[in-house]
Amino acid sequence: MAAYRVEDWRISLHCKGAREFLKLSVPLRHGRYHEIRTPDLQVQFNLNAEIKYLQGRQRDWPHPAEWLKRTPADDWIYYSVGSYNDVFDLFGEYYFPCLSHDANPFFRHSPFALPAVQETFSALGPVFERIRRLSQADLPKPLRAFFRRAAVANGPAFQRRREDFHRILGEPISILPPDSRHVDYAVIPVIIARGCLYHCGFCRFKTRKPFTPLTKTAIVNQMKGMKAFLGQDLLNYNAVFLGQHDALLAGKTLLLFAAEKAYEIFEIERSYMKKARLFLFGSVDAMLRAEESLFEALNRLPYETCINIGLESLDPKTLDRLKKPVPPERVKEAFLRMLEVNRRYFRIEVTANFVLGKGLPSGHLPSLFELAQNHGNKTFGKGGLYLSPLHRREPKADLLSGFYALKRAFRLPAYIYLTQRL
Ligand code: SF4
C-alpha cells in the first residue's frame, strides 16, 4: 500500500482488504482497493479507479457501521445494521442491503431519503472536481495516474458502463441467487441459457423468452467481454454466476464447459480472494433430470457450487394460484433430491425457495410445516431454505410471524430471500 497526503485528503493506493468474505458485524473491506479520506467522506475505489464504497464521516451519518456500495451495474445499495437485533436470524448476514431501486417489506424506510445520505451523494460532485484538478497537478506518478483514471470514471461514464455491462450479457441480470450473499453478491455473471421453463404467473423476474441455451461460442465471447469490462478489478473476483434462471437445465456438457471456461478465462486461480464459488439457479425439472454424473463432475471442479432451486410450495392450490405448472409430487421429489445431493457431495450445496405471504391458500403453510418437521437436519448445515415474500407490500408483522414459525419448525437453516439484480 502507498499512502499520500494531498491538501486535507489522505489517499491510500492498493490497500489490502480481507481475502475471504467474512460474516462480521463490523465494516471490513475485502479485496484490493484505493481510498480517499476527506474530512467528511470515506470514498473507496475498485482497481479501475471507479467508486465502489462510500461512507459519510459527518456526525449525522446514520451509523458508523453503515455504508453505501455501488455495483458494476451502477446500482447503489445501502448496508444497514437494521432497526432490530435479529438481522442475522432473518437474513444470515449482519447487514441488511437496502436497494435504491426496490422496496422491501422488511425495511420500509429508505435510507436514500435521509438528509445525511443525500448530502453525502451531493458531496461527491466537489470531490470529483478536485480529483480532476489534481489529475493535472505535479504529484507522484502513481497518485497522478490514479487521479487521471478516477477523474473520468463518474457521472455519464457510469451510465455508459452500465449499458456496456448489459450489452455484454445481452440482458440485465434480473435476480441473483440468494446464496451469492456469501460473496456479498460480487459475482461475475455469464448467461448460458436465456428464458425459463415455466413462466410462472407470480414471478416478477421472468422474461417471455422460452428456455434457450446459448452456443459455446456465444458463452466464450460473453466471458471475454466480461473480462475486458472488469479490467484490473478482475483480481477481486473469485465467484461466477451462471445465468440466467435455469442454468442447471442447460445440461451437463454446456454447464461444465461454462464452469471450466469461466475458471480459466477469469483467471480465478490468480484472484486475490480465496475460495472460488459457482452459483446457479435450477428448476424442479432440471433438478430431477440432472444425472448423477453431473453432480459428480461439479463436485470435482475447483469451485464450491451453490445451486438454488425454486420450489415455492407443496400445496396444489398454492401452486395453481402462483400459476406454477408443476405438480406438488414433483416439487417434493426435487426437495428430496436436494437433500440427497447435499448429503452425497461435499462441495455442492443445493438450497430451495418457498413463497411466504398472507392470502395464500390455507394448505400452503401446513404443507411447509409437514416438510419442515419430517426432513433435514439443522446440524448438517447445508441445504438452506429461503422464504420469499410474495408481495412487496405485505405487512411486515405478518411476514415475520410466518417466517419465525417456519424457521423454528424447519430442520434446515431458513432465511429470507434478499433479491438483488445486476
Ligand atoms: S419462478 Fe423461475 S421458472 Fe418460474 S417464471 Fe420465475 S424464473 Fe421462470
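Select Glu35 and then Gln44 in S4: the two are bridge partners. Strands, like helices, are DSSP runs numbered from the N terminus (E, at least two residues, for strands; H or I, at least four, for helices). The model is predicted, so local features need pLDDT of at least 70 and side-chain atom pairs count only at pLDDT 80 or more, while totals for chains, interfaces and linings use all residues. Residues are numbered from 1 along each chain as its sequence is written, and side-chain values use heavy atoms, with hydrogens and water left out.

**The antiparallel sheet**

Now select S3 together with strand S4 (residues 41-45): they run antiparallel and are joined by 4 bridges. Two strands are said to pair if DSSP finds at least two bridges between them.

Widen the selection to the open sheet of 8 strands, in the order S1-S2-S3-S4-S5-S6-S7-S8, with antiparallel pairing. Strand S1 (2-6) and strand S8 (96-99) stand at its edges; each has a single partner strand, so one side of each has no neighbour in the sheet. From one strand to the next, the twist averages 20°.

Add helix H3 (residues 141-152), which packs on the sheet and touches S1, S2, S3 and S4. The direction of H3 makes about 90° with that of S2. Axes here are lines fitted to C-alpha atoms, for helices over the stretch in contact, and angles run from 0 to 180 degrees between N-to-C directions. Contact means heavy atoms within 4.5 Å.

Go next to the edge strand S1, which pairs with S2 in the antiparallel sense over 5 bridges. Arg5 stands opposite Arg10 in S2. The two strands form a hairpin with 2 residues between them, and Glu7 in the turn has a positive phi of about 50°.

**Tyr33 and Leu28**

Select Tyr33, found in strand S3. Is Tyr33 buried or exposed? Tyr33 counts as buried because its relative accessibility is 13%, buried being under 20%, exposed over 50% and partly exposed in between (1.4 Å probe, protein chains only). Leaving out residues up to four places away in sequence, Tyr33 touches Leu13, His14, Cys15, Gly17, Gln44, Phe45 and Leu47. Met273 is 240 residues from Tyr33 in sequence, and the C-alpha atoms of the two are 13 Å apart in space.

Then pick Leu28, in the loop between strand S2 (9-16) and strand S3 (32-37). Leu28 has a relative accessible area of 42% and is therefore partly exposed.

**The parallel sheet**

Move on to the open sheet of 7 strands, where the pairing is parallel and the order is S9-S12-S13-S14-S15-S16-S17. Its edges are strand S9 (188-191) and strand S17 (414-416), each with a single partner strand, so one side of each is left without a neighbour in the sheet. Direction ignored, neighbouring strands of this sheet are turned by 25° against each other on average.

Within this sheet, select strand S13 (residues 277-282) and strand S14 (residues 304-312), which run parallel and are joined by 6 bridges. Leu278 stands opposite Thr305 in S14.

Helix H12 (residues 396-409) is the next selection: it lies across strand S15 (348-356), strand S16 (385-389) and S17, running at about 160° to S17.

End at Ser388, in strand S16. Which residues does Ser388 touch, not counting those up to four places away in sequence? They are Phe354, Val355, Leu356 and Tyr417. Ser388 counts as buried because its relative accessibility is 19%.
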